[in-house]
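Trainee: I should like to go through this structure term by term. Please set each value against its definition before drawing a conclusion.

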Protein chains: 2
Amino acid sequence: MRQYFHRRAVLKALFTSVASTIILSKSRALAQGDPLPSWRDGKAKQSILDFVATVTREGSPGFVPVSQRVATFDNDGTLWCEQPMYVQVAFALDQVKARASEHPEWKKKQPFKAVLDGDMKALAATGERGLVEIIMATHADMSTDDFERVVMDWLSKARQPRFKRPYTDCVYKPMLELMTYLRANGFRTYIVSGGGIEFMRPWTERVYGIPPAQVVGSSIKTKFMLRRDIPILLRLPQVNFVDDGPGKPVGINEHIGQRPIAAFGNSDGDLQMLQWTTKGAATPCFALIVHHTDGEREYAYDRQSHVGRLDKALDAAKINNWTVVSMKDDWARIFPFE
Amino acid sequence: MRQYFHRRAVLKALFTSVASTIILSKSRALAQGDPLPSWRDGKAKQSILDFVATVTREGSPGFVPVSQRVATFDNDGTLWCEQPMYVQVAFALDQVKARASEHPEWKKKQPFKAVLDGDMKALAATGERGLVEIIMATHADMSTDDFERVVMDWLSKARQPRFKRPYTDCVYKPMLELMTYLRANGFRTYIVSGGGIEFMRPWTERVYGIPPAQVVGSSIKTKFMLRRDIPILLRLPQVNFVDDGPGKPVGINEHIGQRPIAAFGNSDGDLQMLQWTTKGAATPCFALIVHHTDGEREYAYDRQSHVGRLDKALDAAKINNWTVVSMKDDWARIFPFE
């Protein structure tokens, strides 16, 4: 009888082991399904799958160790919608309105007057200088903690004007899948954006799965000080770093300290990041441009666009054999809410 | 007979499973031994063990999720020996000598003349300005890739003058154990040093287990350019960021985007990092100062020291109840080569 029970125990142990093997294989099979379901089959999708297969195949000449699998993503127009204006500009304009009562002088002073009057033509006439003035007036003279609260408060209420949804809903589902797929294959995913580093960090982990330390962006200077014996970092109205165009490789080098082997952008502001990633690389590398071709489901724009101008980078893509994604043709779905 | 083999297979499967359980338990038991064998029992060691136990005990009021377990370490004097001079200064002086033939004018021009003459008194007389001039002359006007090669080449040949060993051997074993222990408990470990970020990154992974992206330091400006169609970052002779004193919280915020919950330093240059980590913190937090008290095994210095001055930070440690490590009393071993 004891032996019988012993055998039963042995069989039970074996059965449990076999059962869990079956369950494991099943979940592996599921995981091995299409990792990019929002991408239509075609050259763009295949180029991604081929690249990942190449760098992860151990023992093959194209194999890249996990420590070197760095992928960088532009944000505006690459991960989320940048039309009809950059989200951070919409934020700054709303902040001018919200804080107008503290600044009665703004009623008569450009570029603030234009914002308060809703006169976009007059605002445009103030040029980049006007925009910088608005950014400084709305992004500085508060602690980093206070700024984070202002950003999160605004994001919870503001709505993208066409889709009538929070801006953080207007992110591209195919790119979310792509980041998840890369991470599952040992990549570290970084944002490298011309947008403000502190404007993005409070929400990138929740929305993209990218933690604060993996966000690179433009910044203003900050100053350490004690306020009632509690340390704060005060945001100063001085530009610290512009993480755009030739600034992107500089920001990548400073923050990551390694060259990416894959980079993703959508405009001329990403050209140098894509060059830095691919030209003269010692390992297989990959560059991709998201081309906004779908005026029905999103916005269609490129060479002539004021926001997200795609001109030199599109020419470079042809010469360098970078992948160009047509949102209209290559993406079965654009937004998660569709 | 078939059944016999079947039973043998079952028993073998079970045996393998039991055996691997035993092996696992053994390695767990080993891992549960003293994680800090080079630390003598005492207040300092106990304060570390207590802090880690507090923040990792799930369900307890002091529990801190893994995503927030950030620990920052100064480098010079905290992780490796900074006497008789900062390693990076020794590097710069050697580079002046190595490159003197390309700069015949240096024979007559201070501060270079003093370096070439070996006249440390005349060099000291040129002050911080002289040092900056030497740093710029030896750290700039080359690509980031070339600079990395120069650093690694120098480190392979240079020897710490007292211990006659490579500088990267003269690291503190108790701190290596501490970093390993923290990482095993879900911490991300960062270097936050006044030293050059690009001077450290080529070797911190091998020596400390800290990858390039987790190194924060001082920097000079770089510029993206194409050289024969290959992108490079050219190092410019202009200060970009000084990651020392009040610069450390600024650097931490810029690179990590989170407040550390533990910070480790050894001098007044670390004061603001320790304040930023502990004062007004929302979770349990920890600050530690390595006090160089062992003139026999290493160097003894503090309030009067030119390198590694420990004055205000030592006073602050008393007021704020930070842990102060006496190298003489608290560390059973200092260097791995002992």
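**Sheet, burial and salt bridges**

Mentor: In chain A, seven strands make up an open sheet with mixed pairing, in the order S4-S3-S2-S1-S5-S6-S7. This is a predicted model, in which local features need pLDDT of at least 70, side-chain atom pairs count only at pLDDT 80 or more, and totals for chains, interfaces and linings use all residues. Residues are numbered from 1 along each chain as its sequence is written, chains are lettered from A and ligands numbered from 1 in the order in which they are written, and side-chain values use heavy atoms, without hydrogens and water.

Trainee: What makes S4 and S7 of chain A edge strands?

Mentor: Each has a single partner strand, so one side of each is left without a neighbour in the sheet. From one strand to the next, the twist averages 30°; angles run from 0 to 180 degrees between N-to-C directions, and axes are lines fitted to C-alpha atoms.

Trainee: How do you know that S5(A) and S6(A) pair?

Mentor: Pairing requires that DSSP finds at least two bridges between two strands. Strand S5 (residues 262–265) of chain A is joined to S6(A) by four bridges, in the parallel sense, so the criterion of at least two is met. Within this pair, Phe264(A) stands opposite Leu288(A) of S6(A). The strands themselves are DSSP runs (E, at least two residues), as are helices (H or I, at least four), numbered from the N terminus.

Trainee: Why is the connection from S5(A) to S6(A) called right-handed?

Mentor: The term applies if, with the strands pointing away from the viewer, the path from the first strand over the helix to the second runs clockwise. The β-α-β crossover from S5(A) through helix H11 (residues 271–278) of chain A to S6(A) is assigned as right-handed. S6(A), helix H12 (residues 312–320) of chain A and S7(A) also make a right-handed β-α-β unit.

Trainee: What makes strand S6 of chain A largely enclosed?

Mentor: Buried means under 20% relative accessible area, exposed over 50%, and partly exposed in between (1.4 Å probe, protein chains only). Six of the six residues of S6 (residues 286–291) of chain A are buried, so the strand is largely enclosed by the rest of the structure. One side carries Phe286(A), Leu288(A) and Val290(A), and the other Ala287(A), Ile289(A) and His291(A).

Trainee: Why is Val242(A) called exposed?

Mentor: Its relative accessibility is 52%, and the cut-off is over 50%, so Val242(A) counts as exposed. Val242(A) belongs to the loop between strand S4 (230–241) and helix H10 (247–255) of chain A.

Trainee: How do you know that Glu198(A) and Arg235(A) form a salt bridge?

Mentor: A salt bridge needs a side-chain nitrogen of Lys or Arg within 4 Å of a carboxyl oxygen of Asp or Glu. The N to O distance here is 3.7 Å, so the pair qualifies. Glu198(A) lies in helix H9 (residues 197–208) and Arg235(A) in strand S4 of chain A, so the contact ties together parts 37 residues apart in sequence.

Trainee: Are these two side chains buried or exposed?

Mentor: Glu198(A) is buried at 15% relative accessible area, and Arg235(A) is buried at 5%.

Trainee: What makes Arg303(B) partly exposed?

Mentor: Its relative accessible area is 25%, which falls between the two cut-offs, so the intermediate class applies. Arg303(B) also meets Asp311(B) in a salt bridge (2.8 Å, N to O).
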